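Here is a briefing for a reader who is meeting this structure for the first time. It begins with a term that the later points rely on and then moves from the whole chain to single residues.

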Amino acid sequence: MAATTTDPSISSTVHLSDAPTQHFDSVRCLSSREMHKAVSGEPTTHGSYLLVPGSNQALLIPLSGRMAHVGRGLNADLYLDDASVSRRHAIIVRTEQGYRILDDRSLNGTYVNGREIKEALLHDGDVVTLGRVELTYREV
């Protein structure tokens, strides 16, 4: 598809198919600790998970406990090694209604389904974006 303009000062046509498309492999951001916790394929037990997409595989990280800190800091419960993720990026909290995600004053913001949030209740299939890292919340 080509984008054209009627502005005479712009003489070239931009082809959207020429724009580089970069797929970001979120699995590569996981540490060996997270890889050890992760489940590949479909989950076999009931619970809540974060699906981490990768080039060759997608991994499910089970959510357990009352709270999980997510970020690039070494003390994060879910460590994501990417410069676009803040050291203390987000917190996932289990409530009576389900899991909530809260932005932890991150530099690049926390997004759920493309909308920047300060906090949001997560529903099955919600896409959470932290910097360049994309995760999908799954309930089984």
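A residue counts as exposed when its relative accessible area is over 50%, as buried when that area is under 20%, and as partly exposed in between. The model described here is a predicted one.

**The chain as a whole**

- The chain has 14 strands and one helix as its secondary structure.
- Of the 140 residues in the chain, 39% are buried.
- Among the contacts in the chain with a separation of 6 or more, 38% are between residues that lie 24 or more positions apart.
- Carbon and sulfur atoms account for 50% of the accessible surface of the chain, which comes to about 8800 Å².

**Backbone angles that stand out**

- As a general background to the points below, most residues other than glycine have a negative phi.
- Arg105 is not a glycine, and yet its phi is positive, at about 60 degrees; this residue sits in the loop that runs between β9 (98–103) and β10 (110–112).
- Asn113 is likewise not a glycine and has a positive phi, in this case of about 55 degrees, and its place is in the loop between β10 and β11 (115–117).

**Exposure of these two residues**

- Is Arg105 buried or exposed? Arg105 has a relative accessible area of 67%, and because this is over 50%, the residue counts as exposed.
- Asn113 has a relative accessibility of 47%, so this residue counts as partly exposed, a class that lies between buried and exposed.

Notes. Residues numbered from 1 in each chain as written. Predicted model: local features only at pLDDT ≥ 70, side-chain atom pairs only at ≥ 80, totals over all residues. Heavy atoms only, no water. Helix = DSSP H or I, 4+ residues; strand = E, 2+ residues; numbered from the N terminus. Buried < 20%, exposed > 50% of the residue type's maximum accessible area, 1.4 Å probe, protein only. Contact = heavy atoms within 4.5 Å. Areas by Shrake-Rupley, 256 points an atom, 1.4 Å probe, with all protein chains shown as cover.
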